[in-house]
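The following exercises concern a single protein model. Please examine the sequence and the coordinates before reading the solutions.

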Amino acid sequence: FFFASFRALTMASRPTVTVYGADGAAGSSSVALPGVFLAPVRPDVVHQVTVALSKNKRQPYSVNKYAGKSCAASSWGTGRAVSRIPRVQGGGTHRSGQGAYGNMCRGGRMFAPTKTWRKWHAKINVTQKRYAACSAIAASGVTPLVMARGHRVEDTPECPLVVDASVESTAKTQKAVDLLRKIGAHADVDKVVASRTMRAGKGKMRNRRFVQRRGPLVIYDKDEGISRAFRNIPGVELAQVDSLSVLQLAPGGHLGRFCVWTQSAFEKLDALYGTPTEASSEKTRHGTPYRMPQLQMANADLSRLINSDEVQSVVNAPKEGTAPKARKANPLKSAKAMDVLNPAAATFKKAATEAQATKKAKAKRVNAMKSTFYKQLIADES
């Protein structure tokens, strides 16, 4: 899909998506691509929201508060050349005198024993969750991202894939399987079946014996039997369009979930998330209608923008060659360099030289007078 700003497009020129019937054939009707599919794809926001939401289904755990403290122990105090760790009391056994309670002791408690009142859950901003949902929905319409996530969509006619609203009244699993085969989505189910394997670790003993890949996500508007038809197909998940979760749209924080939309659910996205030019009519935040995240750039091809005729016609021409690099001179050794830094330096230097010469001449006269006086003194004594 060509992602561009909706501001330059009218409703009539928006891309359309073909609606496929229950028999898998392309119908004569088509629907306009909802504005949410042009939302910015932000893997960082989706990952952050996914990590936070995943914390809300954790169950509290902790060790027994008496673990490592079942024995009577007390410190021997100072003066016995041993550490002041509590020691087991009594005698007649190896255990007596051994350190206890501390996390460094054999049979002692752990460091910072876990408690059930830990902060297990995380709060996420509502606007941030909606931003992640918009990004995940937009990424589900980009075929390369869907294929990069591992979904088998080679035989799928379109992405996003929209089926007729009559599918919502399907109540039989066999009809649901036939529909997936006809629209080319059953290859993803076969991938799930082939990926089912035994879980590594102790989860095998905790009702999580097998693991498997994720399959298609069927999104509907009204449940008229569709949940009973698709719920037993391996890997297939269902979601109601009014309550889409990032955990389903981007499992593990990875964008590009393969989604199968019903026509009624697909057409409802504009009312739920709005468009780049219109606010949502169903979602609000503190009484203000919700607006989907906007693209920062209408055209993200930065190199093409820089090299365009419009930009190149107003920028400065490239400079030919480079100026020779002047060698840095020491101003204490170079009079020219010092004159650049301090134009008065030459005058100060001349004055200092003259003062030094005057001082030397005065000292020479004084020494001569001293010598003459000494010679006269010696001559008078003799």
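**Exercise 1: An aspartate in a helix**

Aspartate 188 lies in helix 5 (residues 186-195), where helices (H or I, at least four residues) and strands (E, at least two) are DSSP runs numbered from the N terminus. The model is predicted: local features need pLDDT of at least 70 and side-chain atom pairs count only at pLDDT 80 or more, while totals for chains, interfaces and linings use all residues. Residues are numbered from 1 along each chain as its sequence is written, and side-chain values use heavy atoms, with hydrogens and water left out.

Task: determine whether aspartate 188 is buried or exposed, and which residues it contacts.

Solution. Step one: buried means under 20% relative accessible area, exposed over 50%, and partly exposed in between (1.4 Å probe, protein chains only). Aspartate 188 has a relative accessible area of 0%, so it is buried. Step two: contact means heavy atoms within 4.5 Å. With neighbours within four places in sequence left aside, aspartate 188 contacts Gly150, His151, Arg152, Arg214, Gly215, Pro216 and Phe258.

**Exercise 2: The pairing of strand 1**

Task: identify the strands that pair with strand 1 and the partners of tyrosine 20.

Solution. Step one: two strands pair if DSSP finds at least two bridges between them. Strand 1 is joined to strand 2 (residues 26-32) by four bridges, and the two run antiparallel. Here tyrosine 20 stands opposite alanine 26. Step two: these strands form a hairpin with five residues between them, and glycine 24 in the turn has a positive phi of about 85°. Step three: two bridges link strand 1 to strand 5 (residues 161-163) in a parallel arrangement. In strand 5, valine 163 is the bridge partner of tyrosine 20.

**Exercise 3: The nonpolar cores**

Task: describe the largest nonpolar core and state which element gives it the largest share.

Solution. Step one: a nonpolar core is a set of buried Ala, Val, Leu, Ile, Met, Phe, Trp, Tyr and Cys residues joined through side-chain atoms within 4.5 Å. The largest has 40 residues, and Ile219, Trp261, Phe266 and Tyr273 have the most contacts inside it. Step two: the elements that give two or more residues to this core include strand 1 (16-20), helix 2 (126-140) and strand 8 (217-220). Helix 2 provides the largest share, seven residues. Step three: a second, separate core of 23 residues includes Tyr20, Leu161, Ala176 and Ala185.
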